[in-house]
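Here's a quick walk through one structure, helices and sheet alike. Have a look at it before reading on.

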Amino acid sequence: MSYKVIQWTTGHVSKEAVKGILAHPDLEMVGAYAWSEAKVGKDVGELCGIDPIGIKATNDVDALLKMGADCVCYMPNWPNVDEMVRILEAGLNMVCSLFITGTSLGEEQRSRLVKAAQQGNASLFGSGIFPGFAPFIAGLMATASRDFRRIRFLESVDLSHYAAFANFAALGWGQPPDEKWAEVNRIVLGPYGECIDLIADLLHIPITEKRFDYEYATAPDDREFFGFPVPAGTVAGQKCTWTGMVGDNPAVELDVVWKAGKNLEPDWSLFHGYTMEVEGNPNIRTRVTFSPSELKTDDLVAGGADLANQVTAMPVISAIPAVCDAAAGIRTYADLPLITGRYVHQPG
Ligand SMILES: NC(=O)c1ccc[n+]([C@@H]2O[C@H](COP(=O)([O-])OP(=O)(O)OC[C@H]3O[C@@H](n4cnc5c(N)ncnc54)[C@H](OP(=O)(O)O)[C@@H]3O)[C@@H](O)[C@H]2O)c1
């Protein structure tokens with residue numbers, strides 16, 4: 001069975017999503033939405049840095065919604081609930097990289113999505129590397145522990161090589177430290193907090209309270225990343241911690257440490273990837289790191305140097321068949337069948 005997919009935008013993550021859709025044996029790319037005027041009418045392959053694929057990006061939403069697709073791969077820089085409602089009401093399933101449970105959108109907006117999904121008999125699912133894949137892995141790890149009492153995650157990355165660096169301006173990067181950045185981060189990074197709900201659902205943890213903590217680090221000298229200036233003394237790193245308490249036990253702890261280069265003040269240790277720990281009987285620890293593919297046999301794989309975007313896009317793409325087959329509503333890893341990768345034979 002082949003699922004027809006529309007790609008919504010062709011930004012950093014979306015470019016890798018398009019390559020993932022084209023490479024997946026059960027998916028067929030049928031259309032693409034362009035938010036930027038300049039992208040309208042351009043071939044989607046060219047917009048994604050690969051050969052033309054014969055599909056032109058359009059901003060004609062009505063035409064896209066009527067073309068008989070099964071799913072929209074929704075990846076703008078920020079969720080637009082009105083737009084999401086329109087897609088779901090039109091009966092298209094939706095996968096995205098900016099959503100886990102939707103609780104951080106607030107009850108009113110989340111209810112609109114649930115209602116739209118039910119009206120359109122469609123399902124909505126979000127993943128990515130983290131939020132997304134990392135808590136899913138931790139949930140699976142806990143399978144092997146008899147009486148675990150704590151799940152811990154650490155995302156520890158240097159963003160100097162992250163092409164979407166400018167998106168961090170919204171979190172205070174490149175600007176003077178200020179108390180307000182704590183609240184800004186809590187709101188903007190809401191889907192990380194949603195991972196506490198996801199883990200609680202996956203592992204039946206009766207969370208009684210959720211906490212959020214924020215620390216910043218500053219640049220000791222003037223820096224620039226992808227044309228984005230980070231002057232000395234401004235925010236160049238941050239550590240956000242989400243904790244899910246059960247009484248006085250911090251049962252789920254998520255630490256997200258992002259740095260722009262070395263020698264920040266303070267200079268937190270860097271682990272380059274994801275560390276997941278289950279504290280129980282036995283303790284279980286996994287480190288997930290990524291390195292570029294050696295495969296040269298497939299043009300769709302070549303050129304994908306931005307690993308952060310690949311590993312964000314692929315958990316979303318891999319879920320499309322399960323999401324299309326799922327019951328209407330907001331779906332998570334906790335209520336979908338086990339999602340795995342899809343083998344694609346590459347001769348030689
Ligand atoms: N879960 C995870 O692990 C994870 C990791 C990284 C990123 N993300 C999330 O994934 C999403 C995509 O990230 P990205 O780095 O690919 O974003 P991006 O490249 O900065 O932006 C994606 C697209 O959004 C559209 N866009 C830009 N400005 C807009 C505006 N003002 N209003 C509406 N649309 C606008 C553009 O579409 P066109 O291409 O059509 O012009 C752009 O290409 C973000 O929400 C990000 O937070 C999740």
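In which hand, left or right, does H4 pass H5? The crossing of these two helices is right-handed. Keep in mind that this is a predicted model.

Let's stay with that pair for a bit. Helix H4 covers residues 81-89 and helix H5 covers residues 107-120; their axes come within 7 Å and cross at roughly 15 degrees. Because angles under 35 degrees count as roughly parallel, H4 is roughly parallel to H5. On the H4 side, the contact is made by Val81, Asp82, Met84, Val85, Leu88 and Glu89. H5 brings in Gln109, Arg112, Leu113, Ala116, Ala117, Gln119 and Gly120. Sort the residues of this contact by type and you get seven nonpolar, three polar and three charged.

Now for the sheet. It's an open one with seven strands, paired in parallel and ordered E3-E2-E1-E4-E5-E6-E15. At the edges sit E3 and E15, each of which pairs on one side only.

Here are some of the strands with their residue ranges:

| Strand | Residues |
|---|---|
| E1 | residues 3-8 |
| E2 | residues 27-33 |
| E3 | residues 57-58 |
| E4 | residues 71-74 |
| E15 | residues 329-330 |

E1 and E2 run parallel, and six bridges join them. Want a spot to zoom in on? Ile6 stands opposite Gly31 in E2.

Finally, helix H1 (residues 12-23) lies across E1, E2 and E4. H1 runs at about 165 degrees to E1.

Terms used:
Residues are numbered from 1 along each chain as its sequence is written. This is a predicted model: local features need pLDDT of at least 70, side-chain atom pairs count only at pLDDT 80 or more; totals for chains, interfaces and linings use all residues. Side-chain values use heavy atoms; hydrogens and water are left out. Axes are lines fitted to C-alpha atoms, for helices over the stretch in contact, and angles run from 0 to 180 degrees between N-to-C directions. Helices (H or I, at least four residues) and strands (E, at least two) are DSSP runs, numbered from the N terminus. Angles under 35 degrees count as roughly parallel, over 145 as roughly antiparallel, 65 to 115 as roughly perpendicular and the rest as oblique. A crossing is left-handed if the near helix is turned anticlockwise from the far one by less than a right angle, and right-handed if clockwise. Contact means heavy atoms within 4.5 Å. Ala, Val, Leu, Ile, Met, Phe, Trp, Tyr, Cys and Pro count as nonpolar, Asp, Glu, Lys and Arg as charged, and the others, Gly among them, as polar. Two strands pair if DSSP finds at least two bridges between them.
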